[in-house]
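Here are my notes on this one, as promised. Have the model open while you read.

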Amino acid sequence: MTQKPEDHPTGAHGAGAGSRDGSGDRDLWPALRRGWRLRCPNCGSGPLMKGYLSVRESCPVCRQELHHHRADDGPAYLTILVVGHLSAPLLGLVWMTWQPDPMMLFTGFAIFAVALSLYMLPRVKGGLIAFQWARRLHGFAAAPEPDTDRPGPEGPDTE
Ligand SMILES: [Zn+2]
(Lines give C-alpha, C1' and ligand atoms only; values in the text may rest on other atoms or scores of the structure.)
Protein backbone atom coordinates (compact mmCIF):
# COMPACT_ATOMS: atom_id res chain seq x y z
CA MET A 1 0.00 0.00 0.00
CA THR A 2 2.84 2.36 -0.73
CA GLN A 3 1.38 3.45 -4.04
CA LYS A 4 -0.08 6.89 -4.27
CA PRO A 5 -3.81 6.79 -4.89
CA GLU A 6 -4.57 7.57 -8.48
CA ASP A 7 -8.17 8.12 -9.31
CA HIS A 8 -7.58 8.88 -12.95
CA PRO A 9 -5.82 5.95 -14.57
CA THR A 10 -5.50 7.63 -17.95
CA GLY A 11 -2.11 9.22 -17.32
CA ALA A 12 0.50 6.71 -18.44
CA HIS A 13 3.42 9.10 -18.38
CA GLY A 14 4.98 7.87 -15.17
CA ALA A 15 6.20 4.65 -16.74
CA GLY A 16 9.30 3.19 -15.20
CA ALA A 17 8.36 3.71 -11.60
CA GLY A 18 7.05 0.18 -11.42
CA SER A 19 5.14 -2.46 -13.26
CA ARG A 20 1.82 -0.96 -12.21
CA ASP A 21 1.27 2.75 -12.23
CA GLY A 22 -2.46 2.89 -12.48
CA SER A 23 -2.67 2.92 -16.26
CA GLY A 24 -3.87 -0.65 -16.44
CA ASP A 25 -3.50 -3.97 -14.72
CA ARG A 26 -1.07 -5.53 -17.18
CA ASP A 27 2.55 -5.95 -16.10
CA LEU A 28 4.87 -4.06 -18.40
CA TRP A 29 8.22 -5.81 -17.97
CA PRO A 30 7.07 -9.43 -18.47
CA ALA A 31 5.19 -8.24 -21.54
CA LEU A 32 8.30 -6.49 -22.89
CA ARG A 33 10.37 -9.65 -22.37
CA ARG A 34 7.78 -11.73 -24.20
CA GLY A 35 7.63 -9.23 -27.03
CA TRP A 36 11.41 -9.17 -27.37
CA ARG A 37 11.35 -12.97 -27.60
CA LEU A 38 8.73 -12.63 -30.37
CA ARG A 39 6.03 -14.18 -28.21
CA CYS A 40 2.49 -13.06 -27.56
CA PRO A 41 2.56 -10.40 -24.81
CA ASN A 42 -0.49 -11.93 -23.14
CA CYS A 43 0.40 -15.62 -22.82
CA GLY A 44 4.10 -15.69 -23.69
CA SER A 45 3.87 -18.94 -25.65
CA GLY A 46 2.09 -18.10 -28.91
CA PRO A 47 4.22 -16.70 -31.73
CA LEU A 48 3.81 -12.98 -32.36
CA MET A 49 4.94 -12.92 -36.00
CA LYS A 50 4.02 -15.05 -38.96
CA GLY A 51 7.04 -14.01 -40.99
CA TYR A 52 10.05 -11.84 -40.36
CA LEU A 53 8.07 -8.72 -39.48
CA SER A 54 4.40 -9.55 -40.15
CA VAL A 55 2.34 -9.50 -36.99
CA ARG A 56 -0.32 -12.20 -36.63
CA GLU A 57 -3.99 -11.24 -36.57
CA SER A 58 -4.32 -12.94 -33.19
CA CYS A 59 -2.37 -15.26 -30.93
CA PRO A 60 -2.92 -18.92 -31.91
CA VAL A 61 -2.62 -20.00 -28.28
CA CYS A 62 -4.64 -17.51 -26.20
CA ARG A 63 -6.55 -15.74 -29.01
CA GLN A 64 -5.31 -12.32 -27.93
CA GLU A 65 -6.04 -9.99 -30.85
CA LEU A 66 -2.84 -8.45 -32.14
CA HIS A 67 -3.93 -6.78 -35.36
CA HIS A 68 -4.65 -3.38 -33.83
CA HIS A 69 -1.07 -2.63 -32.89
CA ARG A 70 0.40 0.63 -34.19
CA ALA A 71 4.11 -0.09 -34.36
CA ASP A 72 4.46 1.79 -37.67
CA ASP A 73 7.94 3.31 -38.05
CA GLY A 74 8.79 3.01 -34.37
CA PRO A 75 10.85 -0.21 -34.56
CA ALA A 76 12.94 1.08 -37.46
CA TYR A 77 13.51 4.37 -35.67
CA LEU A 78 14.56 2.72 -32.42
CA THR A 79 16.78 0.19 -34.22
CA ILE A 80 18.60 2.92 -36.14
CA LEU A 81 18.95 4.88 -32.91
CA VAL A 82 20.66 1.99 -31.10
CA VAL A 83 22.74 0.67 -34.01
CA GLY A 84 23.91 4.17 -34.91
CA HIS A 85 24.86 5.06 -31.36
CA LEU A 86 26.78 1.79 -31.06
CA SER A 87 28.50 1.98 -34.43
CA ALA A 88 29.70 5.57 -34.39
CA PRO A 89 31.87 5.44 -31.23
CA LEU A 90 32.94 1.87 -32.04
CA LEU A 91 34.11 2.98 -35.47
CA GLY A 92 36.23 5.69 -33.93
CA LEU A 93 37.61 3.33 -31.30
CA VAL A 94 38.58 0.65 -33.84
CA TRP A 95 40.21 3.25 -36.09
CA MET A 96 42.15 4.88 -33.27
CA THR A 97 43.29 1.53 -31.86
CA TRP A 98 44.24 -0.53 -34.92
CA GLN A 99 44.06 1.83 -37.91
CA PRO A 100 42.88 -0.98 -40.22
CA ASP A 101 42.64 -0.77 -43.98
CA PRO A 102 39.69 1.58 -44.65
CA MET A 103 38.10 -0.93 -47.01
CA MET A 104 38.27 -3.62 -44.32
CA LEU A 105 36.89 -1.17 -41.76
CA PHE A 106 34.00 -0.25 -44.01
CA THR A 107 33.20 -3.85 -44.90
CA GLY A 108 33.32 -4.99 -41.30
CA PHE A 109 31.11 -2.21 -40.02
CA ALA A 110 28.65 -2.58 -42.90
CA ILE A 111 28.20 -6.25 -42.04
CA PHE A 112 28.00 -5.45 -38.32
CA ALA A 113 25.39 -2.73 -38.78
CA VAL A 114 23.21 -4.75 -41.17
CA ALA A 115 23.40 -7.91 -39.05
CA LEU A 116 22.60 -6.08 -35.81
CA SER A 117 19.73 -4.21 -37.48
CA LEU A 118 18.24 -7.43 -38.87
CA TYR A 119 18.55 -9.04 -35.45
CA MET A 120 17.03 -6.14 -33.56
CA LEU A 121 14.23 -5.02 -35.86
CA PRO A 122 11.64 -7.78 -35.20
CA ARG A 123 12.53 -7.90 -31.51
CA VAL A 124 12.13 -4.16 -31.07
CA LYS A 125 8.83 -4.42 -32.94
CA GLY A 126 7.71 -7.20 -30.60
CA GLY A 127 8.69 -5.09 -27.61
CA LEU A 128 6.84 -2.07 -28.94
CA ILE A 129 3.68 -4.09 -29.56
CA ALA A 130 4.00 -5.55 -26.06
CA PHE A 131 4.32 -2.02 -24.66
CA GLN A 132 1.15 -0.97 -26.46
CA TRP A 133 -0.60 -4.08 -25.16
CA ALA A 134 0.54 -3.53 -21.57
CA ARG A 135 -0.44 0.15 -21.61
CA ARG A 136 -3.75 -0.63 -23.36
CA LEU A 137 -2.93 1.71 -26.22
CA HIS A 138 -4.94 1.79 -29.45
CA GLY A 139 -7.21 -1.22 -29.89
CA PHE A 140 -5.70 -3.10 -26.98
CA ALA A 141 -7.76 -1.03 -24.56
CA ALA A 142 -11.14 -2.39 -25.63
CA ALA A 143 -10.00 -5.95 -26.17
CA PRO A 144 -11.53 -8.46 -23.76
CA GLU A 145 -9.20 -10.43 -21.53
CA PRO A 146 -8.77 -13.71 -23.41
CA ASP A 147 -6.69 -15.59 -20.89
CA THR A 148 -9.64 -17.31 -19.23
CA ASP A 149 -9.73 -20.06 -21.86
CA ARG A 150 -5.99 -20.36 -22.16
CA PRO A 151 -5.13 -24.00 -22.87
CA GLY A 152 -1.54 -23.61 -21.71
CA PRO A 153 0.26 -26.73 -22.96
CA GLU A 154 3.43 -25.24 -21.59
CA GLY A 155 3.83 -22.74 -18.80
CA PRO A 156 2.32 -19.35 -19.52
CA ASP A 157 5.56 -17.52 -18.82
CA THR A 158 8.40 -19.87 -19.51
CA GLU A 159 11.61 -17.95 -19.05
ZN1 LIG B 1 -1.14 -15.49 -26.60
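**Notes on the fold and its third helix**

1. Let's begin with the contacts. Of those in the protein chain between residues at least 6 apart in sequence, 57% join residues at least 24 apart. Keep in mind that this is a predicted model.

2. Overall make-up: the protein chain has 3 helices and 0 strands, and its elements run α-α-α from the N terminus. Of the 159 residues in the protein chain, 22% are buried.

3. On to α3, which covers residues 102–134. Does its length add up, or what span should we expect? At 1.5 Å a residue, the 33 residues of α3 should span 48 Å, and the end C-alpha atoms lie 46 Å apart, so the two agree.

4. There is a bend to look at, too. α3 turns by about 30 degrees at M120, with a proline, P122, following within four residues. Just after the helix comes R136, which has a positive phi, near 55 degrees.

5. Which residues of α3 are buried? They are P122, V124, K125, G126, G127, L128, I129, A130, F131, Q132, W133 and A134. What they pack against is α1 (28–36) and α2 (74–98).

6. Now the α2/α3 pair. Their axes come within 8 Å and cross at roughly 150 degrees. That angle is over 145, so α2 counts as roughly antiparallel to α3. As for handedness, α2 passes α3 in a right-handed crossing.

7. If you want to trace that interface by residue, the α2 side includes G74, P75, A76, L78, T79, V82, V83, S87, L91, V94 and W95. On the α3 side, the residues they meet include L105, F109, F112, A113, L116, S117, M120, L121, V124, K125 and L128. M120, where α3 bends, is thus on the list of residues meeting α2. V124, K125 and L128 are on that list and are also among the buried residues of α3.

8. One residue I'd click on is F112, in α3. Is F112 buried, exposed or partly exposed? It counts as partly exposed, because it has 15 C-beta neighbours inside 10 Å, whereas a buried residue needs 20 or more. F112 belongs to the α3 set that meets α2, and S87 to the α2 set. The C-alpha atoms of F112 and S87 are separated by 8.4 Å, with the two residues 25 apart along the chain.

Conventions: Residues numbered from 1 in each chain as written. Predicted model: local features only at pLDDT ≥ 70, side-chain atom pairs only at ≥ 80, totals over all residues. Helix = DSSP H or I, 4+ residues; strand = E, 2+ residues; numbered from the N terminus. Buried ≥ 20, exposed ≤ 12 C-beta atoms within 10 Å, placed from the backbone. Expected span 1.5 Å × (residues − 1). Bend = angle between axes of the 7 residues up to and from the residue. Contact = placed C-beta atoms within 7 Å. Axes fitted to C-alpha atoms, helices over the stretch in contact; angles between N-to-C directions. Parallel < 35°, antiparallel > 145°, perpendicular 65-115°, else oblique. Left-handed = near helix turned anticlockwise from the far one by under 90°.
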